[in-house]
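Trainee: Could you go through this structure with me, one piece at a time?
Mentor: Gladly, so open it up and ask whatever comes to mind.

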Number of protein chains: 2
Amino acid sequence: MTVETDESFGGVTPDAARRLLLGAVQAFAERGFHATTTRDIAGRAGMSPAALYIHYKTKEELLFHISRVGHERSVAVLEEAVEGAGDSAGRLAAAVRAFVRWHAEHHTTARVVQYELAALGEEHYARIVVLRRRSEEILREVLQEGVATGQFAVEDIRGTTLAVVSLCIDVARWFSPEGRRTPDEIGELYAGLALRMAGYRDGGR
Amino acid sequence: MTVETDESFGGVTPDAARRLLLGAVQAFAERGFHATTTRDIAGRAGMSPAALYIHYKTKEELLFHISRVGHERSVAVLEEAVEGAGDSAGRLAAAVRAFVRWHAEHHTTARVVQYELAALGEEHYARIVVLRRRSEEILREVLQEGVATGQFAVEDIRGTTLAVVSLCIDVARWFSPEGRRTPDEIGELYAGLALRMAGYRDGGR
């Protein structure tokens, strides 16, 4: 696996706490949450296990912070994208482009966040669910607005939102930097497909 | 986690080999491939570790057989669905309905198959890739055929195929038997969305 210095964690301070999160992302991605030891994570961050405990009490706490930062960043990216992107079609296309690009560029973090969700403790899980609902809400509002103005034709808004979100998230599973498409190209393709899913009349035809 | 007696493995004989695969699916889904021991798998199948080695030489071999059976079954389901389902629109809808239903009903097996792919040895991985290409091929042929007859309007057939396959596979990640939609309902919704992605003129409108 290539070393990924995910800038999503740039805001995490102090530096040691940030390095530990990056080490944990790598370890969880390679071996899975349950097969990873805090010793392994500390080692990747060039630290002792004792030094790790100054910043994070448990391995689960590391996973929670990875999930929190990952979700917060992807929600922020969605929010920025829909702001001032014009009409509903412009907003949907911008949202999908940005959300896809995030999941392609941060595929290692995104995989950990998505596939290790069940390893979170109850309270932490509840906090992450709130952030997950927010991404869905942003896209649902764009679809609702487009249906209200007649730009979109969607019968099942909740189901279509779920499908669009799912399509974007799954990019993290199959994306490879060595693959034939760049994150931007996938974003462009998927923006067109999402417009079609929304029943946009001129979308992609 | 609920015990899943995945009938996809019904053809695996003898009975002990089948029970070991089912135990491995459960263990891998709960703890991940790397955190699972062959002792744990044998225990779930009500057997000793020594008895396990009669059937499978390594843990990786268990994963390979799970992946092989999972992929063979989902390819078979796709092939059956497109056969005799009428025109391109009918074939695409039938394929998506069947593929979605498989990934919802077999979400535990599908998750193991999709998320533990990197744990396969090189030779086994190569054999699984052939099966993965086959699912894409089946859907790509339906899209190509529909574009040729003018029923569909797709510029990027390869990219659209990838997106439709991805949308169906990701059902395994988020599907829950306790959720608000049944596998059949999701299949129906997604069949309509896939027709839209294919630019089918009357699809879902």
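Trainee: Where does B:Pro14 lie in chain B?
Mentor: In this model, which is a predicted one, B:Pro14 sits in the segment that comes before helix α1 of chain B.

Trainee: And what kind of peptide bond runs from B:Thr13 to B:Pro14?
Mentor: That peptide bond is cis, with omega near -5°. In chain A, the bond from A:Thr13 to A:Pro14 is cis as well, with omega near -5°, and A:Pro14 lies in the segment before α1 (15-31) of that chain.

Trainee: OK, how are the two chains related to each other in space?
Mentor: A turn of 180° with a shift of 0.0 Å along the axis lays chain B on chain A, and the RMSD is then 0.0 Å. The two copies are therefore related as by a two-fold rotation axis.

Trainee: Which residue of chain B comes closest to that rotation axis?
Mentor: That is B:Ala35, whose C-alpha is 2.1 Å from the axis.

Trainee: How many residues of each chain are in contact across the interface?
Mentor: On the chain B side there are 33 residues, and they are in contact with 33 residues of chain A. The area buried between the two chains is about 3,000 Å², and carbon and sulfur atoms give 52% of that area.

Trainee: Why do you say that the copies meet through the same surface?
Mentor: Because 100% of the interface residues of chain B are also interface residues in chain A, the copies meet through the same surface.

Trainee: How many salt bridges and polar contacts are found across the interface?
Mentor: There are 2 salt bridges across the interface of chain B and chain A. One of them joins B:Arg181 to A:Asp156, with the closest N and O atoms 2.8 Å apart. Across that interface there are also 12 residue pairs in polar contact, counting pairs with both residues at pLDDT 80 or more.

Trainee: Which elements of chain B give two or more residues to the side that touches chain A?
Mentor: They are α1 (15-31), α6, α8 (157-169), α9 (171-174) and α10 (183-197) of chain B. Of these, α8(B) gives the most, with 8 residues. If you sort the residues on this side of chain B by type, you get 15 nonpolar, 6 polar and 12 charged.

Trainee: Let's look at α8 in chain B then: what does B:Ile169 touch, leaving aside its neighbours within four places in sequence?
Mentor: B:Ile169, which is found in helix α8 of chain B, is in contact with A:Arg173 from the other chain, and with B:Phe99, B:His103 and B:Gln114 from its own. B:Ile169 and B:Phe99 are 70 residues apart in sequence, yet their C-alpha atoms are 7.9 Å apart in space.

Trainee: Is B:Ile169 buried or exposed?
Mentor: B:Ile169 is buried, since its relative accessible area is 9% and the cut-off for buried is under 20%.

Trainee: What about A:Thr160 over in chain A, which residues is that one in contact with?
Mentor: A:Thr160 belongs to helix α8 (residues 157-169) of chain A and is buried, with a relative accessible area of 3%. Apart from its neighbours within four places in sequence, A:Thr160 is in contact with A:Leu143, A:Val154 and A:Met197, and across the interface with B:Leu189 and B:Leu193.

Trainee: Changing topic, why is helix α6 of chain B described as largely enclosed by the rest of the structure?
Mentor: Helix α6 (residues 107-115) of chain B has 9 residues, and 7 of them are buried, so the helix is largely enclosed by the rest of the structure. Those buried residues include B:His107, B:Val112 and B:Gln114.

Trainee: And how many residues of α6(A) are buried?
Mentor: In α6(A), 7 of the 9 residues are buried, A:His107 being one of them. The relative accessible area of A:His107 is 12%, and from A:His107 to A:Trp174 the C-alpha distance is 8.6 Å, although the two are 67 residues apart in sequence.

Trainee: Last one: which side chain makes a polar contact with that of B:Thr38?
Mentor: The side chain of B:Tyr53 does, through a polar contact of 3.0 Å. B:Thr38 is placed in helix α2 (residues 38-44) of chain B and is buried, with a relative accessible area of 16%. Leaving aside its neighbours within four places in sequence, B:Thr38 is also in contact with B:Leu52 and B:Lys59.

Key. Residues numbered from 1 in each chain as written. Chains lettered and ligands numbered in written order. Heavy atoms only, no water. Helix = DSSP H or I, 4+ residues; strand = E, 2+ residues; numbered from the N terminus. Buried < 20%, exposed > 50% of the residue type's maximum accessible area, 1.4 Å probe, protein only. Contact = heavy atoms within 4.5 Å. Buried area = accessible area lost by both parts, 1.4 Å probe. Salt bridge = Lys/Arg side-chain N within 4 Å of Asp/Glu carboxyl O. Polar contact = N/O pair within 3.5 Å; in protein donor to acceptor, adjacent residues only side chain to side chain. Nonpolar A, V, L, I, M, F, W, Y, C, P; charged D, E, K, R; others polar. Least-squares fit on C-alpha atoms with pLDDT ≥ 70 in both.
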